[in-house]
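Please open the model in a viewer and keep the sequence panel at hand. The tour below proceeds by selection, one region at a time.

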Amino acid sequence: MTLKQIGRMKKWLAITTFLFFCWTSIHAQNLKFGKPTDEEMSMTVYEQDKEAEAVVLCQLTNVDYTITSSNYLVDYKVKTRIKILKDEGKEHANLAITYIDNSEEDMAQESIEDFKATAYNLEDGKVKKTHVGKDKIFTERIDDDWMLAKIAIPQVRAGTVIEYEYTLHSNVFYHIHDWHAQTDIPVAYANYRLEIPAYFLYNVEKTGIQPLQSTVTQGVLHYKMSSNDMETMRSCNTNIYTCTGRDLKALKKDDFVWNLRDYSTKVTAELQRINLGGGRDVRKKWEQVDNTLFNHPDFGAHLYKHSKYKDELAASGIGKIGDTKEKVAATYKFLRQRLAWNGEYELLVKSASDVVKKGGGSNADLNMMLINMLGDVGVEAYPVVMSTRKHGRLPLTYPSLNKLNTFIVGIPDGASWIFLDASSSDGYLNVLPANLYTDRARVIKKGKEGQWVNLQEIGEARTQMVVNASLQPDGKLTGEQTVTYHGNAAANERRAFREAADSMAFISGKASKNGIIMIGCKMEGHRDFAPAAKEVVNFTRQGEASGDYIYLNPFMGVPVTSNPFLETERLLPVEFPYKEVYSMNMKIKLPEGWSLEEMPKSLKITTEDKSLAGHILYESSGEGVVTINYLFRLSNVTYNKDQYDTLRQLFDLLSSRSKDMLIIKKQ
């Protein structure tokens, strides 16, 4: 056989192997609905995730356009099969479908059609079916634009296979819903087919932590057009996007991820251009979003008016304060004495009269009032619009008004800015709740270009602890602890103080957490709108005295006492609430005639980029004084999965060393 023949043979084998793999992959998956296989019915564990409580066996979504003489319509045809593996997985039989329904807009109507669901259970070796129809759908309104449909499939337990399918019929032809391949349970197979007439040019993107197999092909859509009682057949080219995911891992709830859906494997489509009658570009710019807000009756129409408290503010003398920060703080306190936050984050606002009458409102209501009040005292202020962390990140490739869900207040102060949320009663200037520390917030100014700001840069919790103590021969440590909290650390203390039953409960809870007995405690700034809070505590802490030895753990209130990162591998990045600096300087006077048997080893660790660092340093003087210096510094908010192993090791070292004991021996 010649070299050329060998090459052809290798090529033929490669193609044959690839086609066989594709054939077996497709045919191994049950794509037929209405009859689960014996293997699906008898399955007790999902091999790719043996801890899974349920698994999506198959999820098919087809999105197709229909063209009529009067409109363009979109149908989303969804079919899903789920296997319930454990009793905890029964909640996945409770379906929730959101859809658009705005009665005030002709082109904002969607409806759920042809819904049916079935629960399959093995009973005495036979498959028993329980059917559910459209009559079991319950709906509730989310807001002016969105509805929620709820369906509970009955007779579901461990071992049940459930299937459901429906068509979402939509006249919102200019908007295609995001398709999420991943869920909070593993997905064995998911397929998405999106066919778009060439009249519409969409930017279709695939994002997420696990890849999808995808193709783009061309097709033809035939449709009828009526004119003067005559029907003519027409056709147009289409773009067909097909995406397939296999063995997709579950996105499990994580304390160190702000919004799981930010990382979900998904397909998004954003309309850029409509090619009808010469074509027109519909892709927005952020300046257009700004203008839409400024022209909105529930946003821009309320900006830069005099507040309902104009006369009271004039009488208060706040306008005469020279320092901008002091003036802003005084105005904020004036507002919070009169209005309360209802716990809601919103973008659009209600009338000032309604807010005053009710004595409060959403953070948007309070922030709009604050902007107008600041104007009354001569302070320039702007709305800073955003999507909160829990709501999800703003898209990077296109502007979207729908993705915004709230705003705060931005005040220029020389070359810097002051940021404030009027609902944040525990914070201060440039101290926000973690949910608002987004990396993409937009300062919008009427008639001027907007400005992007990264609010993560201002978020920081700083704690400084100084301890002076003396150790007695019976192992009792007695001393004074002074703790000063700044930024989000102060906000956390105020929140804990506010939520405690009373001051004694707050103090006793803190003493229990730190392993001390409080003899006395003085507090400053726990009830105030102030840059810091402070505690001076007189305490005792009991070590273990045994013969000629005393064993004492000196660490009180340090931030890393356990390692939250126990998994050896991680799928998602690690997202912290804000930057953090904690320092403790402790001096312990040993009893006369006693000394350290052995100085503990000092520890000094840092990541390669210096963004995470910590140390525990020990010194001993000839005068019987042991000095301990503890530092934890977190300078980044987000760490990618490639940095996870280093992060886990550092937390493990700090947490294990926080359990170190001082061993003091009698001479």
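Across which strands does H9 lie, and at about what angle does H9 run to S25? H9 lies across S24, S25 and S26, and its direction makes about 125° with S25. Helices (H or I, at least four residues) and strands (E, at least two) are DSSP runs, numbered from the N terminus. Axes are lines fitted to C-alpha atoms, for helices over the stretch in contact, and angles run from 0 to 180 degrees between N-to-C directions.

This is a predicted model, in which local features need pLDDT of at least 70 and side-chain atom pairs count only at pLDDT 80 or more, whereas totals for chains, interfaces and linings use all residues. Residues are numbered from 1 along each chain as its sequence is written, and side-chain values use heavy atoms, with hydrogens and water left out.

**Whole chain**

Display the full C-alpha trace, which spans about 105 × 80 × 60 Å along its principal axes. The secondary structure comes to 10 helices and 36 strands. Of the 667 residues, 48% count as buried (under 20% relative accessible area; exposed is over 50%, partly exposed in between; 1.4 Å probe, protein chains only). Among contacts (heavy atoms within 4.5 Å) with a separation of 6 or more, 72% come from residues 24 or more positions apart.

**The open sheet**

Next, select the eight strands in the order S25-S26-S24-S23-S30-S34-S33-S32, an open sheet with mixed pairing. Strands pair if DSSP finds at least two bridges between them. S25 (517-524) and S32 (603-606) stand at the edges with a single partner strand each, so one side of each has no neighbour in the sheet. Neighbouring strands are turned by 10° against each other on average, direction ignored. At the S32 edge, 4 bridges join S32 to S33 (residues 612-620), and the two run antiparallel. Ile605 has Gly614 in S33 as its bridge partner.

**Helices H8 and H9**

Add H8, which lies across S23 (460-471), S24 (476-487), S25 and S26 (532-542), and runs at about 110° to S24. Then show H8 (residues 488-499) with H9 (residues 503-514): they pack at an angle of about 125°, with axes 8 Å apart. H8 and H9 are therefore oblique to each other (angles under 35 degrees count as roughly parallel, over 145 as roughly antiparallel, 65 to 115 as roughly perpendicular and the rest as oblique). For side chains, select Glu493, Ala496 and Phe497 in H8, which meet Ser503, Phe506 and Lys510 in H9.

**Strand S14**

Move to S14 (residues 266-274), where 7 of 9 residues are buried. S11 (residues 200-207) runs antiparallel to S14 and is joined to it by 8 bridges; Glu205 stands opposite Thr268. S9 (residues 179-180) is also antiparallel to S14, with 2 bridges, and Trp179 stands opposite Val267.

**Ser387**

Finally, centre on Ser387, in the loop between S18 (382-386) and S19 (406-413). Is Ser387 buried or exposed? Ser387 counts as buried, at 2% relative accessibility. Its side chain forms a polar contact of 2.9 Å with the side chain of His391 (a pair of N or O atoms within 3.5 Å; within protein, one must be able to donate a hydrogen and the other to accept it, and residues adjacent in sequence count only if both atoms are side-chain atoms). The Ser387 side chain also reaches the backbone oxygen of Gly392 at 2.4 Å. Beyond its neighbours within four places in sequence, Ser387 is in contact with residues including Leu394, Lys403 and Thr438.
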